[in-house]
Amino acid sequence: MGESIVEIPVDADEAKLARYVCEAMGMTVEVYMRMCIARLIQKRGMPFDVSPQETEAARKPL
């Protein structure tokens, strides 16, 4: 199976905090995102609860 690169725009401060949290758990953001995608596929849906407010906030441009 080949690989594909996925790029997403995120707030610079949030990216920095995400790196910090992931590093504290002993992983990179890339590893975390692969885990999330794997769980998304496994569950055939969101791997965590999402409120309508969170969904709307995520759709707004940075």
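Select Gly26 to begin: this residue sits just after α1 and takes a positive phi of about 80 degrees. The model on screen is a predicted one, and every value in this tour is computed from it.

Next, select α1 itself, residues 12–24. The helix has 13 residues, and the distance from its first C-alpha to its last is 19 Å, close to the 18 Å expected at 1.5 Å a residue. Go to the start of α1 and show the side chain of Asp11. One of the side-chain oxygens of Asp11 reaches to within 3.0 Å of the backbone nitrogen of Asp13.

Stay on this side of the helix start and select Ile8, in the segment before α1. Is Ile8 buried or exposed? Ile8 has a relative accessible area of 56%, and because the cut-off for exposed is over 50%, Ile8 counts as exposed.

Ile8 also belongs to a group worth colouring together. Select Val6, Ile8, Val10, Tyr20, Val21, Met25, Tyr32 and Met33 and turn on the surface: these residues make a nonpolar surface patch of about 810 Å². Which elements give two or more residues to the patch? They are α1 and α2, the latter covering residues 29–43.

Now move to α2. This helix has 15 residues and reaches 21 Å from first C-alpha to last, close to the expected 21 Å at 1.5 Å a residue. Within helix α2, select Met35. Its relative accessibility is 48%, so Met35 is classed as partly exposed; that class lies between the 20% limit for buried and the 50% limit for exposed.

Keep Met35 selected and add Pro47. The two residues are 12 apart in sequence, and their C-alpha atoms are 9.9 Å apart in space. On the way from one to the other along the chain, stop at Arg44. Just after α2, Arg44 takes a positive phi of about 55 degrees, and Gly26, just after α1, has a positive phi too.

Finally, clear the selection and show the whole protein chain as a cartoon. How many helices and strands does the chain have? There are three helices and zero strands, and along the sequence the pattern reads α-α-α.

Switch to a surface view of the whole chain. The protein chain exposes about 6,100 Å², with carbon and sulfur atoms supplying 59% of that area. Colour by burial to end the tour: of the 62 residues in the protein chain, 6% are buried.

Terms used. Residues are numbered from 1 along each chain as its sequence is written. This is a predicted model: local features need pLDDT of at least 70, side-chain atom pairs count only at pLDDT 80 or more; totals for chains, interfaces and linings use all residues. Side-chain values use heavy atoms; hydrogens and water are left out. Patches are made of residues with over 30% relative accessible area and no salt bridge: like charges are joined within 9 Å, nonpolar side chains (Val, Leu, Ile, Met, Phe, Trp, Tyr) within 5 Å. Accessible areas come from the Shrake-Rupley method with a 1.4 Å probe; for residues, only the protein chains shown count as cover. A salt bridge is a side-chain nitrogen of Lys or Arg within 4 Å of a carboxyl oxygen of Asp or Glu. Helices (H or I, at least four residues) and strands (E, at least two) are DSSP runs, numbered from the N terminus. Buried means under 20% relative accessible area, exposed over 50%, partly exposed in between (1.4 Å probe, protein chains only). The expected span of a helix is 1.5 Å times one less than its number of residues. A polar contact is a pair of N or O atoms within 3.5 Å; within protein, one must be able to donate a hydrogen and the other to accept it, and residues adjacent in sequence count only if both atoms are side-chain atoms.
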